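Visitor: I am new to this structure and would like a close look at one part of it. Please start with the charged pairs, then show me what else is worth finding.

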Amino acid sequence: MYRLSWVFIGWYLVGLILMVFFEVPAWLQFANGIFLVLYACCVIEIGRQIYGSWGFVIKRAAIVGVLTFTVEWVGITTGFPFGAYDYYPTLGFLVAGVPLTIAFAWVGVFLNSLCLSSQQSKWRRAVETGIWIVLLDLILDPVAAERKFWVWYDGGGFYGIPFENFVSWGMIGAGLSFLFPLVSIDQKVLSWTSRIYQAMVFFFGLLALKGGLDVIFYLALIIVILCEGRVRFERKRQKPIV
């Protein structure tokens with residue numbers, strides 16, 4: 001049922017051990033980009049379980065990837081809407097200054113957040129999707145900057161990252177959610193989605209702790225708990241009354 005997901009988890013565990021307890025050698029830096037590709041594939045596979053069609057999810061994921069890659073190119077060219085920043089080649093081959101794998105990162109983070117969100121109305125789902133995206137980025141972005149995935153130039157109020165970056169991530173994710181119809185998500189699928197999200201937050205939380213970003217690590221633990229609460233609340237809400 002989740003073949004791609006298990007491939008991602010295997011890669012995840014190897015990366016967790018290498019990056020948290022050791023250091024990734026220079027000749028293995030390409031693995032960072034593969035990690036993002038596998039994350040996207042994992043969440044696309046979950047999306048297939050939810051929407052019932054590989055074709056539908058892959059086409060929508062491709063649209064998300066193209067749109068967000070374009071926004072990233074505009075971002076590094078003009079400084080809008082995220083702030084002034086540039087990418088290092090750590091995440092793989094750069095096209096017009098943007099790693100190709102960043103589109104996969106957006107697909108993974110967006111779809112993971114979308115599948116965690118309420119399906120009761122598109123507007124409510126949009127808001128929740130944006131919130132889950134921002135929560136993940138609060139952990140991911142400081143760690144990525146500390147590990148030289150990208151660099152911020154003008155600084156900002158959150159570990160040198162401008163607040164508009166997080167606002168933009170949330171708004172873009174919320175807007176993209178309207179590309180997808182409302183669906184009923186099975187509890188088992190929701191639980192699996194949450195485990196993948198929690199794993200990503202925990203991974204970058206550990207990297208934050210290793211890099212001396214203790215507050216980010218504790219924030220990551222809080223987000224993991226919030227995610228677990230989301231799943232338990234939904235399980236209770238859908239539980240039939242006897």
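How many residues apart in helix H8 are Arg232 and Glu228, and about how many helical turns separate them?

Guide: First, a caution: this is a predicted model. Now to your pair. Arg232 and Glu228 are four residues apart in helix H8, so about one helical turn separates them. Their side chains meet in a salt bridge, at 3.2 Å from N to O. The two ends of this bridge sit in unlike surroundings. Arg232 has 51% relative accessibility, so it counts as exposed. The cut-off for exposed is over 50%. Glu228 has a relative accessible area of 18%, so it is buried. Buried means under 20%.

Glu228 has another partner. Its side chain also meets that of Arg195 in a salt bridge, with 2.8 Å from N to O. This pair links distant parts of the chain: Glu228 is in helix H8 (residues 214–238), Arg195 is in helix H7 (residues 187–210), and their positions lie 33 residues apart in the count along the chain. Arg195 counts as partly exposed because its relative accessibility is 36%. Put the pieces together, and Arg195, Glu228 and Arg232 are linked in a network of salt bridges.

The whole structure holds three salt bridges. One of them is in helix H5 (residues 122–146), where Arg124 and Glu128 lie four residues apart, about one turn of the helix. Their closest N and O atoms are 3.0 Å apart. Arg124, at 36% relative accessibility, counts as partly exposed. Glu128 has a relative accessible area of 15%, so it is buried.

Stay with H5 for a moment, and look across to helix H4. Ser113 is found in H4, which runs over residues 101–116. Its relative accessibility is 0%, so Ser113 counts as buried. What touches it? Beyond its neighbours within four places in sequence, Ser113 is in contact with Thr129, Trp132, Ile133 and Tyr197. For Ile133 there is a further detail: a polar atom of the Ser113 side chain lies 3.4 Å from the backbone nitrogen of Ile133.

Next, helix H3. H3 covers residues 54–78, which is 25 residues. At 1.5 Å a residue, a helix of that length should span 36 Å. The end C-alpha atoms of H3 are 36 Å apart, so the span agrees. At the start of H3, a side-chain oxygen of Ser53 reaches to within 3.3 Å of the backbone nitrogen of Gly55. After H3 comes Gly79, with a positive phi near 85°.

Between those ends, several residues of H3 are hidden from the surface. Val57, Ala61, Val64, Gly65 and Thr68 are among the buried ones, as are Phe69, Glu72, Gly75 and Ile76. What covers them? The cover includes three helices: H2 (30–51), H4 and H6 (163–176). It also includes the strands S1 (85–87), S2 (94–95) and S3 (98–99).

H3 has a surface side too. Trp54 and Ile58 join Leu4 in a nonpolar patch on the surface. Together the three have about 260 Å² of accessible area. Leu4 comes from helix H1 (residues 3–21). With a relative accessible area of 35%, Leu4 is partly exposed.

Helix H6 appeared above as part of the cover of H3. Glu164 lies in H6. Its relative accessibility is 41%, so Glu164 counts as partly exposed. Glu164 touches Pro81, Phe82 and Gly83, leaving out residues up to four places away in sequence. Val98 is another matter. Glu164 and Val98 are 66 residues apart in sequence and 19 Å apart in space, C-alpha to C-alpha.

One last stop, in a loop. Ala26 lies between H1 and H2. At 68% relative accessibility, Ala26 counts as exposed. Compare its position with that of Ala144. The two are 118 residues apart along the chain, and their C-alpha atoms are separated by 17 Å.

Now go back to where you began. Find Glu228 in the structure, then its two partners: Arg232 and Arg195. Glu228 is the buried member you met earlier, at 18% relative accessible area.

Note on methods
Residues numbered from 1 in each chain as written. Predicted model: local features only at pLDDT ≥ 70, side-chain atom pairs only at ≥ 80, totals over all residues. Heavy atoms only, no water. Helix = DSSP H or I, 4+ residues; strand = E, 2+ residues; numbered from the N terminus. Buried < 20%, exposed > 50% of the residue type's maximum accessible area, 1.4 Å probe, protein only. Polar contact = N/O pair within 3.5 Å; in protein donor to acceptor, adjacent residues only side chain to side chain. Contact = heavy atoms within 4.5 Å. Patch = residues over 30% accessible without salt bridge, like charges linked within 9 Å, V, L, I, M, F, W, Y side chains within 5 Å. Areas by Shrake-Rupley, 256 points an atom, 1.4 Å probe, with all protein chains shown as cover. Salt bridge = Lys/Arg side-chain N within 4 Å of Asp/Glu carboxyl O. Expected span 1.5 Å × (residues − 1).
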